[in-house]
Amino acid sequence: MEVDDVARHLSGGGATTVLIDGRSGSGKSTLAQQLRHAWDSSIVVRLDDVYPGWDGLAWTVDHIRTALLEPRAAGRPGRWRSWDWTTGASADWHDVEPRQRLIVEGVGALTAANRVLADLGVWVDTPDDERKRRALLRDGDTYRPHWDRWAAQEEDFIARYDPESVADWIVTETPGKRYWTRARSS
């Protein structure tokens, strides 16, 4: 399985919404960008742009469902509120039309309630040491003091929602290789 295969399947089925979830540093953003390039006219909503600060994972889970996914599933525009990490305050609202091809990427995207509002759910799994190496390489000293704090929120999210159990595909990231495994019959 390759990203192009997924994009062809989505295009052929008239899909509009994909959820990509996984822990920090797992490779979600890279996968989402690759899918965006392969799936014509799609956009990516990065949950990193939505979390209201370092303690905002739980809020974002509800916000994405109620403000973005539920309205789109009902045929209305969805929206999401961005967060200005520099000022530490809420920022602009962004609208997404109901038929716009959308990829929601980030920890907290994939729950059972969100999955029924989407066409495809993907869980990205990467060994912990590799995830941490990637995340700290990417964000360095900005993220380092918050790693444990954020990891605890991820663990709470996983324990509460079990996102892997509602995924259609599990993508396992290893250095230099990506493996796709069908997670459930859809």
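In this predicted model, strand E6 (residues 120–125) runs parallel to strand E7 (residues 169–174), and four bridges pair the two. Within this pairing, Val 124 has Val 171 of E7 opposite.

The pair E6 and E7 belongs to an open sheet of six strands, whose order is E2-E5-E1-E6-E7-E8 and whose pairing is mixed. Strand E2 (42–46) and strand E8 (177–182) occupy the edges; each has a single partner strand, and therefore one side of each is left without a neighbour in the sheet. From one strand to the next, the twist averages 20 degrees.

Two helices may be followed onto this sheet. Helix H2 (residues 28–38) packs on the sheet and touches strand E1 (17–22), E2, strand E5 (101–105), E6, E7 and E8. The direction of H2 makes about 160 degrees with that of E1. Helix H3 (residues 57–73) also packs on the sheet, where E1 and E5 are the strands it touches. For H3, the angle of about 160 degrees is made with the direction of E5.

Strand E5 merits separate attention. In the strand order, E5 stands between E2 and E1, and the pairing with each can be described in turn. E2 and E5 run parallel and are joined by five bridges; here Ser 42 has Arg 101 of E5 as its bridge partner. E1 and E5 likewise run parallel, joined by four bridges, and Ile 20 stands opposite Glu 105 of E5. E5 is mostly covered, with four of its five residues buried. As a general point, side chains in a regular strand alternate between the two faces of the sheet.

The remaining element to place is helix H1 (residues 3–12), which packs against H2 at an angle of about 55 degrees, the two axes lying 9 Å apart. Because angles between 35 and 65 degrees fall outside the roughly parallel and roughly perpendicular ranges, H1 is oblique to H2. The crossing of these two helices is right-handed. On the H1 side, the contact is made by Val 3, Asp 4, Val 6, Ala 7 and Leu 10; on the H2 side, it is made by Leu 31, Gln 34, Leu 35 and Ala 38. Sorted by class, the contact of H1 with H2 comprises seven nonpolar residues, one polar and one charged. H2 thus has contacts with strands of the sheet and with H1.

Technical notes: Residues numbered from 1 in each chain as written. Predicted model: local features only at pLDDT ≥ 70, side-chain atom pairs only at ≥ 80, totals over all residues. Heavy atoms only, no water. Pairing = 2+ DSSP bridges. Axes fitted to C-alpha atoms, helices over the stretch in contact; angles between N-to-C directions. Contact = heavy atoms within 4.5 Å. Parallel < 35°, antiparallel > 145°, perpendicular 65-115°, else oblique. Left-handed = near helix turned anticlockwise from the far one by under 90°. Nonpolar A, V, L, I, M, F, W, Y, C, P; charged D, E, K, R; others polar. Buried < 20%, exposed > 50% of the residue type's maximum accessible area, 1.4 Å probe, protein only.
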